[in-house]
Amino acid sequence: MHLSEVKSELHITEDEYGRLPNHVAGFCAFMIAQDRKRLASLVNVDGDQTDEVAAYPMVACLGYAIVAHMATEDDFDRFRQGFQHLSGRTFFAEGRVPRFEIDGFALLGVSLGIERADVPLLERDWIVDLLEKSATAVPRSDWEHGLVKAAQAVLGIVDWATIPDALCRVAVKTALSVETDPDEMQLSWASAVGLIGEKTQPKRAAGRAIFDSCMGALSRLPIHGAGLPELITLLDEVRDAMSHWTYETKTRVKSVVPQQWEVDHEYHVQNLLWTLLRPVFRDLVDEQSLPKVGHTTPRYDLGIPSLRTIIEVKFMRRAGSAECRKITQEIAADRSLYLGNRTGYDKLIAFIWDDCRQTEEYATLSQGLEGLEGIEKVIILPRPSRMDRSKIPE
């Protein structure tokens, strides 16, 4: 089969997503990178979410959304409240049918959300104990046993190697960008291809995660000789990379004060991009002046002469259409000053840090600017939700 056919076979349709339980759909969307945007709608459903049967799937789905960077501040609060609600429940109670305690998709989703939602260590003890019981209660030959072990691995209770199901182990590691041994990844490729014809959507989603990872490895950009497409890819993926940005709300190392690497203005953003791009684009330059235009001496933020490309950084400090218009006008003016034969540059990428997370404005802002000649791409990075200025380190 052609690779495109394999990819299509591992696809999950809109109708299939609609028939899945909320948290299982959340698992599938988390596994398949291009489907992660679905998580935003999965965690915003109508209906009463207060009873246990409805609550735990939603808490798990929120966990998947949080780790996939598709959650709002309200979603973080809902996850914490749901986690506290679950912590007050009695599981494996005699005479009661187990639900959450043997649901691998739910246990994994909740475990994933714990770290990103900064749930205090003392509040996690109950789920650590629960996972130990769940790991023995779920049949070892069952696919879900691997999910329970994956939930333990996420929390650092066990090593990834203890997950018996190779498909589950590699797929979850891949979705979390955890380094995987090349030999293990090569073997998992055969497992993914072997899922062609599989009727179970979560297994197909796991196979798709492995497929996409292998394809990404094959097409990974070279350190030297990268071009404009690779530059755009690097800048586009800063959003996901910010999940490891240092912004501590509690002590992680004894006797070391928690650190918050704040991003307060566009020079901080320029420094971030310089650190990312300089090892790949060796001719990267910053704060260079261009030939004078009348009484103005244009000065761009970052430039790559070999690609004839300028990266202009903007910092949106306020919300609202007025700020978006201001940014649009500034970038349009920069384009007219920076590009042309006299400057040696004919392409511009706008990189905008949005400190107010006004995501509803992004489509209009991007489409308007990208319609101008010479503007190759508009990349907007919303301030990560985990970088909450209201949180004071302990």
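**Strand pairing, aromatic contacts and cysteines in a predicted model**

Phe351 has Ile379, in strand 5, as its bridge partner. The model is predicted. The pairing of these two residues belongs to a wider contact between strands. Strand 4 spans residues 347–354. Seven bridges join strand 4 to strand 5, and the two strands run parallel. The connection involves a helix. Strand 4, helix 17 (residues 362–370) and strand 5 form a β-α-β unit, and the unit is right-handed.

Strand 5 covers residues 375–382. Six of its eight residues are buried, so strand 5 is largely enclosed by the rest of the structure. The segment after strand 5 contains Asp388. Asp388 has a relative accessibility of 17%. Asp388 counts as buried because that value falls under the 20% cut-off. With residues up to four places away in sequence left out, Asp388 touches Glu73 and Tyr247.

Helix 3 (residues 22–31) is also mostly covered. Ten of its ten residues are buried. Among them are the aromatic residues Phe27 and Phe30. Cys28 and Met31 of helix 3 are buried as well. So are Asn22 and His23.

Aromatic rings were searched across the whole structure, and 14 aromatic pairs were found. One of them joins Phe27 and Tyr64 in an edge-to-face arrangement. The ring centres are 6.1 Å apart, with 75 degrees between the planes. The angle is over 60 degrees, which is why the pair counts as edge-to-face. This pair links distant parts of the chain. Phe27 sits in helix 3, Tyr64 in helix 5 (residues 52–67), and the two are 37 residues apart. Phe27 is buried at a relative accessible area of 1%. Tyr64 is buried at 0%.

A further pair, Phe91 with Trp126, is stacked. Here the centres are 6.0 Å apart and the planes differ by 15 degrees. The angle is under 30 degrees, so the pair counts as stacked. Distant parts of the chain are again linked. Phe91 lies in the loop between helix 6 (73–87) and helix 7 (104–116). Trp126 lies in helix 8 (residues 125–137), and the two residues are 35 apart in sequence. Phe91 is buried, with a relative accessible area of 12%. Trp126 is buried too, at 17%. Both residues belong to one aromatic cluster, with Tyr56, Phe79, Phe83 and Phe100.

The cysteines were examined next. A disulfide is a covalent bond between the sulfur atoms of two cysteines. The structure holds zero disulfides. For Cys168, the closest cysteine sulfur is that of Cys28, 12 Å away. The cut-off for a disulfide is 2.5 Å, so this distance is too far for a bond. Cys28 is one of the buried residues of helix 3. Cys168 is buried, with a relative accessible area of 0%. Cys324 is likewise in no disulfide. The nearest cysteine sulfur to that of Cys324 is in Cys356, 9.5 Å away. Cys324 is buried, at a relative accessible area of 7%.

How values were computed
Residues are numbered from 1 along each chain as its sequence is written. This is a predicted model: local features need pLDDT of at least 70, side-chain atom pairs count only at pLDDT 80 or more; totals for chains, interfaces and linings use all residues. Side-chain values use heavy atoms; hydrogens and water are left out. Buried means under 20% relative accessible area, exposed over 50%, partly exposed in between (1.4 Å probe, protein chains only). Helices (H or I, at least four residues) and strands (E, at least two) are DSSP runs, numbered from the N terminus. Two strands pair if DSSP finds at least two bridges between them. A crossover is right-handed if, with the strands pointing away from the viewer, the path from the first strand over the helix to the second runs clockwise. Contact means heavy atoms within 4.5 Å. Rings of Phe, Tyr and Trp (its six-membered ring) pair if their centres lie within 6.5 Å; planes under 30 degrees apart count as stacked, over 60 as edge-to-face and the rest as tilted.
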